[in-house]
Amino acid sequence: MLQSLIIVGIIYIAALVFFTMSARTKEKSSKGFLMAGANIGAVLGFFTFAATLFSTFTLQGMPDFFRNHGVGAWIFLAISDAVMVFGIISIGYAFRKKAAGHEYYGMAGFMSYCYKWRVAGLVTFFGAFIFLVPYVAIQIRGVAIFLSGAFPDSIPLWVGAVGMVVVMLIYSEIGGLKAIIYSDMLQGILLLAVIWIIGINCLNYFGGIGPMFEEIQQKNEALLSVPGPNGLLDFQFLFGSMIAICLLPFTQPQVSTRLIIMKDTKSLYKLAVGLGFFAILIILPTLFMGMYGAAKYPDASTAEFLNRTFLEDQAPLIAAFVMIGLIAAAISTSDSQLFALGGEIRSLLSGDDKKMLGYARIAILFFAIITLAFALMSSDELVLLTRMSFAGTALMAPMIFTGIFYDRSGFLKIIPMATLIALLILVLSLFGIVPNIIAGIRMDLILLGLLALIAIVAVGIDKNRN
């Protein structure tokens, strides 16, 4: 496998270098570097959007999630992604229309513009930072664990993590967002090919879909229904996950940026429709992998299950492509998120564009160092940590939607302040300082409901007052 890995790795690196140099321009403006000129067509837009959403979390996290919690994981992600597509179509137009009157570099600056209050932007940046750093870190950690498990005597976990951070910093700093978009296209194609090859191999182990479910029914029938053998996939978890995921295009900056950089609304709609098909194509084979693991490796650790399924049980060339695909997926998502945080910093700054862009690029380096440290210390629960990130950023949705749809939102300063308090409460609940469940209801759902109510009441009062 090592020889195959070297060959595939060289091809991948050569492609990255080619795309990076193709994306490099003499223009050093914030719009060119951070927004790729805001003129992206439907095809590139689809690939960069899909690669940002479906990454290490999908390829590593979802098979293990299916293995441990059963087919209800399909409701958790596939159906939630389908709802998200309708959100992109229905809300994306209004978002782009409102942003057209503003020099958009990030959601933080956009919220400052909408509320006519800098604090609203700072709250948005705080929410993005505090919940995106763990999300980026688990992408890096997931692949580092995989590499360390595959080569235990050659690649320590920290070496794999540092290597990925260095690679993505080099090409994103050289080529900007356009280089990231080109690499996203490469990653999307590679991820789709790899995940289906492994998925089909796992399905062939059973002899088809019907025999697969028959064997799982005999071994652990609880995997074939909700809430699953561990009781995780109850209504609240699934409903809360659906809300958090369908809000992603507007609450996580690396995704909302991709709505803005589309060259026109028609391209945005094509992107959304393509994304719906891609979601099903990318998640279905992870179900086959998860059931394969439930049948063959039910008691294995996450790392052991992934290494056996992706490497030991595959032909050497396929295993090499899997490893490169994992690295590509992690880099693609991580650089988009770190880059988006740099854009959030730029959106809050005013002054000479070249100087402000320089600050943003320094911020990207700073965020990368913090993320690397978190990756080395975080746990291995990839899906649950990702879900926490989704739920945390979802709390900003009432504030963001009020800013998008209500033209007088500059008078509603109570909404950003309530959002800040809710974000802090959720963080405290994650650390066990305040309860995570009150009266049988999850804290993230309680906070999101309260924020939505506050926004509705505040808008109503403001309309009646004026």
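Good morning. I begin with a single residue, Val-166, which lies in helix H8, the helix covering residues 157-206. Please keep in mind that the structure before us is a predicted model.

Is Val-166 buried, exposed or partly exposed? Its relative accessible area is 42%, and because partly exposed residues fall between 20% and 50%, Val-166 counts as partly exposed. There is also a contrast between sequence and space to consider. Val-166 and Ala-368 are separated by 202 residues along the sequence, yet their C-alpha atoms are 9.0 Å apart in the model.

Let us now turn to the interior. The largest nonpolar core contains 158 residues. Which residues have the most contacts inside this core? They are Phe-54, Phe-76, Phe-95, Phe-110, Met-111 and Phe-310. Helix H8, where we started, contributes the most to the core, with 18 residues.

Phe-95 deserves a further word. Setting aside neighbours within four places in sequence, Phe-95 touches Tyr-104, Met-107, Phe-110, Phe-250, Ser-256, Leu-259, Ile-260 and Ile-404.

My last topic is a pair of helices. Helix H7, residues 118-150, packs with helix H14, residues 302-312, at an angle of about 70°, and their axes are 10 Å apart. Angles from 65 to 115 degrees count as roughly perpendicular, so H7 is described as roughly perpendicular to H14. On the H7 side, the contact is formed by Ile-145, Phe-146, Gly-149 and Ala-150. H14 supplies Ala-303, Leu-306, Asn-307, Phe-310 and Leu-311. Of the residues in this contact, seven are nonpolar, two are polar and none is charged. Phe-310 thus links my two topics: Phe-310 takes part in the contact from H14, and Phe-310 is also among the core residues with the most contacts. Thank you.

Key. Residues numbered from 1 in each chain as written. Predicted model: local features only at pLDDT ≥ 70, side-chain atom pairs only at ≥ 80, totals over all residues. Heavy atoms only, no water. Axes fitted to C-alpha atoms, helices over the stretch in contact; angles between N-to-C directions. Helix = DSSP H or I, 4+ residues; strand = E, 2+ residues; numbered from the N terminus. Parallel < 35°, antiparallel > 145°, perpendicular 65-115°, else oblique. Contact = heavy atoms within 4.5 Å. Nonpolar A, V, L, I, M, F, W, Y, C, P; charged D, E, K, R; others polar. Buried < 20%, exposed > 50% of the residue type's maximum accessible area, 1.4 Å probe, protein only. Core = buried A, V, L, I, M, F, W, Y, C linked by side-chain atoms within 4.5 Å.
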